[in-house]
Amino acid sequence: MSSMRPENQSSVSKFLLLGLPIRPGQQGVFFTLFLGMYLTTVMGNLLIILLIRMDSHLHTPMYFFLSHLAFSDISLSSVTVPKMLMDMQTQQQSIPYVGCISQLYFFILFGNLDNFLLAVMAYDRYVAICHPLHYTTIMREGLCVLLVAASWIISCGSALLHIILLVQLSFCANNTITHFFCDLTLLLKLSCSDTSLNELVIFLEGGMLLFLPLAIVLGSYIRIGAIILKAPSTKRLLKAFSTCGSHLFVVSLYYGTLAGVYFLSSSWDTKDIIASVMYIVVTPMLNPFIYSLRNRDIKQALESLSTGLKKLIYQRGHLCYLDCLYSFIPK
């Protein structure tokens, strides 16, 4: 990244991250809390990926998309949370220029990827409920791979575009970022260059990449609701809720906190930082629980994995016991 920066463009070699608005005496408590949440995020989402990979009953489009969402959630948290935890522990809150640019690139990438995957999953639920007889024909393997690949490519391209425009800017005296990670809007405020092009790209490209997936999500659920209300029944309502309830809750949590930070606030303050914690730390941690607690297939896969592990441990223990007995038998 540093090779992309002109030598006379920036005199700033590092930025200062102010971090979370936490009192010095509470650092230890919050460090333990966020470390536990991060480890829960990583282990919970890894478990989802493992279950989907190992259980053949979960080799369906919905769980294929869910496995990619789980990976994206792990990555989104890993881009920011470890640095935040290290700053809380060491009290050295600086980040190099190249490190800040790299963090921002991956943050935009995985943030956009989450956005697209939620839209793809909403479309999958729409096809499953509104066109059940043609589901396997429409959501064939090739289309699923294409949708995920397109999500990755567009997300990478969007992140790269913002980074290329950002590294053209100059950063002069002020290098203090009032956040716990390198946020694009805050970096633009620190620049002493003309940021009108950057802001225009954020408005046009960023708005399109956010509102287009959101429109797909809303359109899918409006169609699902219309189909159900045409012939309402308790059975259909329960089936639709079990199929879409978890995803709808995740979508509401994700877009609600995102809108609170970037669209409903005019200046960065404590509530915006807390909202950022919600969609960077809390939402990725809750996703495995939301999808597993209300999902019968995930529960069955978890039970099968647990049973298999118990059998393996029992067999290994039994063999170890026989080996111990055999060692006492005179040769």
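These legends walk through several close-up views of a predicted model.

**View 1. The whole protein chain, from helices to strands.**
Let us start with the overall picture before zooming in. The protein chain contains 10 helices and three strands. Following the sequence from its beginning, the elements come in the pattern β-α-α-β-α-α-α-β-α-α-α-α-α. The protein chain has 331 residues, of which 46% count as buried.

**View 2. A sheet of three strands.**
Here the three strands come together as an open sheet, in the order E2-E1-E3, with mixed pairing. Strand E2 (94-96) and E3 are the edge strands, and each has a single partner strand, so one side of each has no neighbour in the sheet. As background, strands of a sheet pair through backbone hydrogen bonds, and the pairing may be parallel or antiparallel. For strand E1 (residues 14-17) and E3, the sense is parallel, and the pairing runs over two bridges. Which residue of E3 is the bridge partner of Leu 17? Look for Ile 177, which takes that role.

**View 3. One disulfide, joining Cys 100 to Cys 182.**
Searching the whole structure turns up one disulfide. Its partners are Cys 100 and Cys 182, with an S to S distance of 2.0 Å. Cys 100 belongs to helix H3 (residues 97-130), while Cys 182 sits in the loop between E3 and helix H6 (184-190), so the pair ties together parts that are 82 residues apart in sequence. For readers meeting this kind of link anew, a disulfide is a covalent bond between the sulfur atoms of two cysteines. The torsion about the S-S bond of Cys 100 and Cys 182 is about -130°, so this disulfide is left-handed. Are the two cysteines buried or exposed? Cys 100 is buried, at a relative accessible area of 0%, and Cys 182 is buried too, with 0% relative accessibility.

**View 4. Two further cysteines, Cys 130 and Cys 144.**
This view turns to another two cysteines of the chain. Cys 130 has a relative accessibility of 14%, and because buried means under 20%, this residue counts as buried. Cys 144 is also buried, its relative accessible area being 4%.

**View 5. A salt bridge within helix H2.**
The count of salt bridges comes to two, and this view takes up the pair formed by Asp 87 and Lys 83. In general, side chains of opposite charge can pair when their charged atoms come close. Between Asp 87 and Lys 83, the closest N and O atoms are 3.1 Å apart. Both residues lie in helix H2 (residues 61-90), and because they are four residues apart there, about one helical turn separates them. Asp 87 counts as buried at 6% relative accessibility, as does Lys 83 at 14%.

**View 6. A salt bridge between Asp 124 and Arg 125.**
Now we come to the salt bridge where the side chains of Asp 124 and Arg 125 meet, at 2.6 Å from N to O. What is the relative accessible area of Asp 124? Asp 124 has 1%, and is buried. Arg 125 counts as buried as well, with 8% relative accessibility.

**View 7. Thr 41 and its contact with Met 285.**
This close-up centres on Thr 41, a residue of helix H1. Thr 41 counts as buried, with a relative accessibility of 0%. Where does its side chain reach? The side chain of Thr 41 comes to 3.5 Å from the backbone nitrogen of Met 285.

**View 8. A nonpolar patch on the surface.**
Leu 47, Leu 50, Met 54 and Leu 302 make up a nonpolar surface patch of about 340 Å². Which helix gives the most to the nonpolar patch? That is helix H1 (residues 27-54), which provides three residues. Leu 302 is found in helix H10 (residues 296-328). Leu 302 is partly exposed, at a relative accessible area of 37%.

**View 9. Asn 174 in its loop.**
Our final stop is Asn 174, in the loop between helix H5 (141-166) and strand E3 (176-177). Asn 174 is partly exposed, having a relative accessible area of 43%. A polar atom of the Asn 174 side chain lies 3.1 Å from the backbone nitrogen of Thr 176. From Asn 174 to Cys 192 there are 18 residues along the sequence, and their C-alpha atoms are 9.1 Å apart in space.

Conventions:
Residues are numbered from 1 along each chain as its sequence is written. This is a predicted model: local features need pLDDT of at least 70, side-chain atom pairs count only at pLDDT 80 or more; totals for chains, interfaces and linings use all residues. Side-chain values use heavy atoms; hydrogens and water are left out. Buried means under 20% relative accessible area, exposed over 50%, partly exposed in between (1.4 Å probe, protein chains only). A polar contact is a pair of N or O atoms within 3.5 Å; within protein, one must be able to donate a hydrogen and the other to accept it, and residues adjacent in sequence count only if both atoms are side-chain atoms. Patches are made of residues with over 30% relative accessible area and no salt bridge: like charges are joined within 9 Å, nonpolar side chains (Val, Leu, Ile, Met, Phe, Trp, Tyr) within 5 Å. Accessible areas come from the Shrake-Rupley method with a 1.4 Å probe; for residues, only the protein chains shown count as cover. A salt bridge is a side-chain nitrogen of Lys or Arg within 4 Å of a carboxyl oxygen of Asp or Glu. A disulfide is a pair of cysteine sulfur atoms within 2.5 Å. Two strands pair if DSSP finds at least two bridges between them.
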